[in-house]
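Biologist: Hello! I have a new structure open and would like a friendly tour of it. Could you walk me through it one question at a time?

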Amino acid sequence: MSPGLVELIDPVPQWLITVDNGIAAHAGVAAARARGMRVIVTDHHLPAAGLLPEAEAIINPNQVGDEFPSKSLAGVGVMFYLLLA
């Protein structure tokens, strides 16, 4: 197992939702998708060099072009807004 990756066990969940720093978790998102999970990334960090993980959806107010008014929202706040929706 690669450092930083959590071993995925059975039964495989249908969804994986990240709460912080998933924007940089390309290997983890890929591993989850390889197991058949759909992934939603919630984050507030800027993506490295504009690279985004291959997730079902990315919810991040700091993405280029995002019009959400608060760019200083913490990861927990981003998740809170997802839960409200």
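Modeller: Gladly; what follows is a set of short questions and answers about this predicted model.

Biologist: Let's begin with the sheet. In what order do its strands stand?

Modeller: The sheet is open and has three strands, with parallel pairing. Strands β1 and β3 stand at the edges, each with a single partner strand, so one side of each is left without a neighbour in the sheet. The order is therefore β1-β2-β3.

Biologist: By what angle are neighbouring strands of this sheet turned against each other on average?

Modeller: This value ignores the direction of the strands. On average, the turn between neighbours in this sheet is 15°.

Biologist: Over how many bridges do β1 and β2 pair?

Modeller: Strand β1 covers residues 15-18 and strand β2 covers residues 38-42. Ile17 stands opposite Ile40 in β2, and Thr18 has Val41 as its bridge partner there. The pairing is in the parallel sense, and the number of bridges is four.

Biologist: Is the crossover from β1 to β2 right-handed or left-handed?

Modeller: To get from β1 to β2, the chain passes through helix α1, residues 26-34. That makes a β-α-β crossover, and its hand is right-handed.

Biologist: Which elements give two or more residues to the largest nonpolar core?

Modeller: As background, nonpolar side chains in soluble globular proteins tend to be buried together. Here the largest nonpolar core has seven residues: Ile23, Val29, Ala32, Met37, Val39, Val41 and Ile58. The elements giving two or more of them are α1 and β2.

Biologist: Now for the other helix. At about what angle does α2 run to β2?

Modeller: Helix α2 spans residues 75-84 and lies across β1, β2 and β3. Its buried residues pack against those three strands; in α2, Gly75, Gly77, Val78 and Met79 are buried. The angle of α2 to β2 is about 125°.

Biologist: Is Asn60 buried or exposed?

Modeller: Asn60 sits in the loop between β3 and α2. Beyond its neighbours within four places in sequence, Asn60 is in contact with Ile23, Asp43, His44, His45 and Asp66. Its relative accessibility is 2%, and the cut-off is under 20%, so Asn60 counts as buried.

Biologist: Which residue has its backbone nitrogen 2.7 Å from a polar atom of the Asn60 side chain?

Modeller: The atom on the Asn60 side belongs to the side chain, while the partner atom is a backbone nitrogen. The residue that supplies this nitrogen is Asn62.

Biologist: You mentioned Asp66. Which backbone nitrogen does its side chain reach?

Modeller: Asp66 also lies in the loop between β3 and α2, and at 30% relative accessibility it counts as partly exposed. Leaving aside neighbours within four places in sequence, Asp66 is in contact with Asn60, Pro61 and Lys71. At 2.7 Å, the side chain of Asp66 reaches the backbone nitrogen of Phe68.

Biologist: One last curiosity: what is the phi of Asn21 near?

Modeller: Most residues other than glycine have a negative phi. Asn21 is in the loop between β1 and α1, and at 39% relative accessibility it counts as partly exposed. Its phi is a positive value in a residue other than glycine, near 65°.

Note on methods: Residues numbered from 1 in each chain as written. Predicted model: local features only at pLDDT ≥ 70, side-chain atom pairs only at ≥ 80, totals over all residues. Heavy atoms only, no water. Pairing = 2+ DSSP bridges. Right-handed = clockwise from strand over helix to strand, strands pointing away. Axes fitted to C-alpha atoms, helices over the stretch in contact; angles between N-to-C directions. Contact = heavy atoms within 4.5 Å. Buried < 20%, exposed > 50% of the residue type's maximum accessible area, 1.4 Å probe, protein only. Polar contact = N/O pair within 3.5 Å; in protein donor to acceptor, adjacent residues only side chain to side chain. Core = buried A, V, L, I, M, F, W, Y, C linked by side-chain atoms within 4.5 Å.
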